[in-house]
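User: I am new to this structure and would like a close look at one part of it. Could you walk me through a sheet, strand by strand, and then show me what else the chain holds?

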Amino acid sequence: MRKRIFLLLINFSLLVHAQVNNGHNLRGKVLDAERNEPVPYATIQISKDSVPINFVAGTISADNGEFHIKTTLEERCYLWISYVGKKTLRRMVKLNSSSAVNVGNLLLADDVNVLADVTITGVKPLVRVDADKLIYDVSNDQEAKISQALDVVQKLPFAVVDDGSIQINGASPTLFINGRQLKLSGTDIYKKLKGLKADNIDRIEIISSAKTKYDGSVGGPIMNVVLKKKEVGYSLGTDVSADLTGSSEVGADVTLSTKQFSISGHYSFMNGEGYKVREERSLENYTSTEKRFFNQNRRMHTELDLTNMAYLELAYEVDSMNSFSAYLDYYGARNNAMSQQSNVMLSVVGEQVFSYQNREKNKSDWGNLHVGADYQHLFNTKSKILCSYLYLRSPDKRQDTFVLENMVNYQDSNYFDRVNAVNNEHAFQFDYSNNISSNQTLEAGLKYLYRDNGSDQENYYALNDENWRLHKLNSASQYEHILAVYSEYGYEKDSWQMVLGLRGERTFFRLKYGSPNDVVRNYYTLLPSLSLSYKLKNSNNLTLGYNSSLIRPGIGYLNPTVYRLDQGNILFGNDRLEAEVTHNLLLQFSKFAGNNQYAFSAGYSFCGNPIQSYSGVNKEGVYYTTYVNAGYLRAALVSFYMKLPLASFARLVLNASGSYSALRSSEEANDGVAGNISSNLFINLPCNFSLSVAGLFKLPDITLQGKSFNFYSCKMRLSKSFLDDNLAVSLNLDNVFWDYKKYKLREENKFYRRKTDLHCRAMNIGLSLSYSFGKSASTKSVHKGIEEETVKGARMEGGN
């Protein structure tokens with residue numbers, strides 16, 4: 001009996017010893033210390049001693065930075081993590097009785113000396129996929145040195161750029177700079193990126209389906225432009241451009257940094273005078289036989305079109321655990337335009353009822369000023385808090401003068417309108433994030449926003465150009481309080497990544513505009529989000545996302561005061577508008593490794609009360625525009641991206657999208673197909689010249705009552721750099737195949753039919769110069785601050 005027990009104990013000890021000798025499985029994740037992003041293909045080795053000799057095992061990290069490695073060493077071992085251009089990291093790991101050891105996140109810092117002395121010839125993918133976003137690595141794009149940010153945007157998957165706007169996945173993006181939202185839209189985003197040098201950008205992140213850490217109003221695509229972070233030193237840069245229309249641009253950049261303090265600034269000035277448009281409008285009123293057709297022909301040209309943009313950021317690193325940053329972003333635009341217009345009203349049989357001509361002067365000043373500060377504290381390597389404050393001021397001024405001439409059977413006074421609107425916002429935000437484990441993260445936050453918006457409108461009438469008499473004064477104000485809380489949980493397992501979030505927003509606002517009773521709203525909204533990502537073989541990625549967004553109508557959409565665009569067109573708001581909630585689903589497949597790269601996405605959006613513009617004709621035959629909550633909106637979208645190498649010196653980038661939309665209100669319904677296709681050809685020519693050719697065709701978007709304008713363009717750019725890439729020269733050829741381009745807009749329902757044709761100057765030739773010098777410099781910025789709420793109607797609709 002004792003012998004059996006003895007043999008059993010020996011066998012058990014041998015079994016335990018065998019299990020111990022099976023070794024330990026070490027797992028972890030390699031991250032970039034500056035960007036906190038995965039480092040793929042890093043070398044991981046194990047040694048017994050604290051010097052890098054006699055390695056006993058080795059492996060490389062995967063695309064997501066994770067690695068698994070096995071060792072038979074006991075008690076302890078040393079991990080060595082290395083990567084080209086990074087400082088080698090050594091980590092001592094204690095080995096216990098457990099066979100599985102998680103070493104957590106390993107951060108690799110840049111090796112300044114290596115980067116300065118070694119030329120890296122390997123090619124790093126420009127596009128990579130994270131759980132909830134696409135990342136375009138601008139810092140590794142060799143053409144960025146001779147490009148503007150707008151040129152880089154044309155290379156992004158699912159992005160389409162025309163002469164004044166940007167679309168991603170068929171929708172206008174929300175622009176962020178270093179994680180901070182800028183309250184810009186449409187042409188203003190276009191100009192902002194046009195004035196930003198691509199060489200100052202580190203990467204551009206495209207978030208197709210926004211998470212709950214962003215404000216509820218940010219539901220569509222997000223474009224986050226992250227500026228470069230360099231080393232201690234300074235840099236200066238300037239750029240100049242001009243074209244045949246008389247437009248010009250001047251810009252300057254400066255960065256100065258020490259080990260703890262840094263300052264960076266950018267200024268850009270644009271002068272776009274010389275723009276000319278000829279407009280033909282035809283309105284047929286089905287409800288009247290006497291005033292059936294109203295035809296308008298208008299010629300307009302800009303006398304002044306100025307844009308000023310400035311950005312300033314200060315950063316101070318108190319110690320390794322505390323940092324502070326403050327920033328200012330300014331965007332201001334001014335436009336003065338002159339026009340002459342002829343107007344004729346005809347009966348149903350074609351007889352002239354009345355006619356007149358008018359001269360018009362328009363002056364517009366608008367923009368915004370962001371001033372903010374961020375404080376960040378790191379508790380340890382796993383958790384941190386961020387406290388932020390943002391002040392936003394958005395003035396919007398407009399003056400319109402109308403002088404009537406050659407009136408036949410028509411009587412009206414000359415008039416002068418002045419509108420002065422100002423939006424003020426204060427936002428306070430607190431964010432907390434914690435890496436619970438190597439594969440789990442938790443984020444939570446709280447935000448309070450106070451908005452104070454006001455608008456004053458003055459109407460003057462006169463029988464001639466002088467002696468203007470005040471006819472009417474209208475004022476409106478809107479006060480809004482928003483309290484929001486959010487929480488997000490992230491989880492990674494093997495090839496799976498998941499982000500689950502929930503955001504709640506309480507909104508209270510009051511609108512005053514002269515009515516005996518104020519308009520008051522008080523409501524609470526829950527906004528969930530979900531993102532699932534699976535990494536397939538051969539660097540293929542599959543992503544499924546869902547989110548919901550909340551759009552609140554602003555004072556421009558709510559104020560029912562009538563604004564006179566001209567004698568035949570008026571605009572007014574609707575104080576009965578409710579906030580709209582939209583639900584978005586997105587499925588995306590991508591492959592960004594290798595020479596042939598492609599991506600495909602399919603989305604579906606639905607909304608029960610979308611805010612839509614609504615037009616009609618009143619009893620006087622005047623065309624009016626207001627806003628309504630339509631019955632519903634259903635939209636399906638497919639997008640395709642492809643990058644093909646045509647030869648060793650040429651490549652082609654294609655972006656295409658198509659959509660089907662259906663809208664319905666209590667009185668009207670409309671549906672149809674829209675889409676666009678853009679192509680960008682890039683050619684490397686002898687003597688280090690580069691040529692890019694971009695073409696775009698866009699079908700009209702579907703609206704509740706018709707279709708918007710179509711669009712088409714063709715642009716070419718020839719570039720070359722000199723003086724060790726410090727000087728870049730570019731020749732731009734825009735729309736050289738057309739002197740003028742024609743765009744069409746069509747609306748029709750049971751009450752009226754309206755046609756608008758625009759003839760715009762197309763051909764343009766320009767030259768741009770860019771020069772930079774200095775030693776490397778860095779900006780220690782906190783890359784996440786307050787995301788700004790978006791409201792519809794922030795600017796006066798119908799402006800230039």
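Analyst:
**A four-stranded sheet and its surroundings**

Let's start with the sheet itself: four strands form an open sheet, ordered β3-β2-β5-β6, and their pairing is antiparallel. Its edges are strand β3, covering residues 55–60, and strand β6, covering 89–94, and each of these pairs on one side only. From one strand to the next, the twist averages 20°. Please keep in mind that you are looking at a predicted model.

Now zoom in on one pair in this sheet. Strand β5 spans residues 76–82 and is joined to β6 by six bridges, with the two strands running antiparallel. Within this pair, I81 of the sheet stands opposite L89 in β6. As background, strands of a sheet pair through backbone hydrogen bonds, and they can do so in parallel or antiparallel fashion.

L89 is worth remembering, and to place it we can turn to the nonpolar cores. The largest nonpolar core has 48 residues, and V153, L175, L193, I204, M223 and V225 have the most contacts inside it. Helix α3, made of residues 149–153, gives the most to this core, with four residues. Apart from that core lies another one, of 20 residues, and L89 is among them, along with L26, I44 and I46. So that you can picture the largest core from one of its residues, take V153: setting aside neighbours within four places in sequence, V153 is in contact with A159, V161, I166, L193, I204 and M223.

A second sheet makes a helpful companion to the one above. Three strands form this open sheet, in the order β4-β1-β7, and here the pairing is mixed. The edge strands are β4 (66–71) and β7 (100–108), each pairing on one side only. Neighbouring strands of this sheet are turned against each other by 25° on average, with direction ignored. Strand β1, residues 24–32, is linked to β7 by eight bridges, and the two run parallel. In that pair, R27 stands opposite N102 in β7.

Two residues further along the chain are also worth a visit. D431 is found in strand β24, which covers residues 414–437. Is D431 buried or exposed? Its relative accessibility is 5%, so D431 counts as buried, the limit being under 20%. The side chain of D431 also makes a polar contact with the side chain of Q429, at 3.0 Å.

The other residue is Y234, in strand β16 (residues 233–243). Y234 has a relative accessible area of 36%, which means that it is partly exposed. The C-alpha atoms of Y234 and S262 are separated by 9.4 Å, while the two residues are 28 residues apart along the chain.

Finally, step back to the whole. The protein chain has five helices and 47 strands. Of its 800 residues, 50% are buried. Among contacts in the chain with a separation of 6 or more, residues 24 or more positions apart account for 66%. The accessible surface of the protein chain comes to about 37100 Å², and carbon and sulfur atoms make up 56% of it.

Definitions and conventions:
Residues are numbered from 1 along each chain as its sequence is written. This is a predicted model: local features need pLDDT of at least 70, side-chain atom pairs count only at pLDDT 80 or more; totals for chains, interfaces and linings use all residues. Side-chain values use heavy atoms; hydrogens and water are left out. A nonpolar core is a set of buried Ala, Val, Leu, Ile, Met, Phe, Trp, Tyr and Cys residues joined through side-chain atoms within 4.5 Å. Buried means under 20% relative accessible area, exposed over 50%, partly exposed in between (1.4 Å probe, protein chains only). Contact means heavy atoms within 4.5 Å. A polar contact is a pair of N or O atoms within 3.5 Å; within protein, one must be able to donate a hydrogen and the other to accept it, and residues adjacent in sequence count only if both atoms are side-chain atoms. Two strands pair if DSSP finds at least two bridges between them. Axes are lines fitted to C-alpha atoms, for helices over the stretch in contact, and angles run from 0 to 180 degrees between N-to-C directions. Accessible areas come from the Shrake-Rupley method with a 1.4 Å probe; for residues, only the protein chains shown count as cover.
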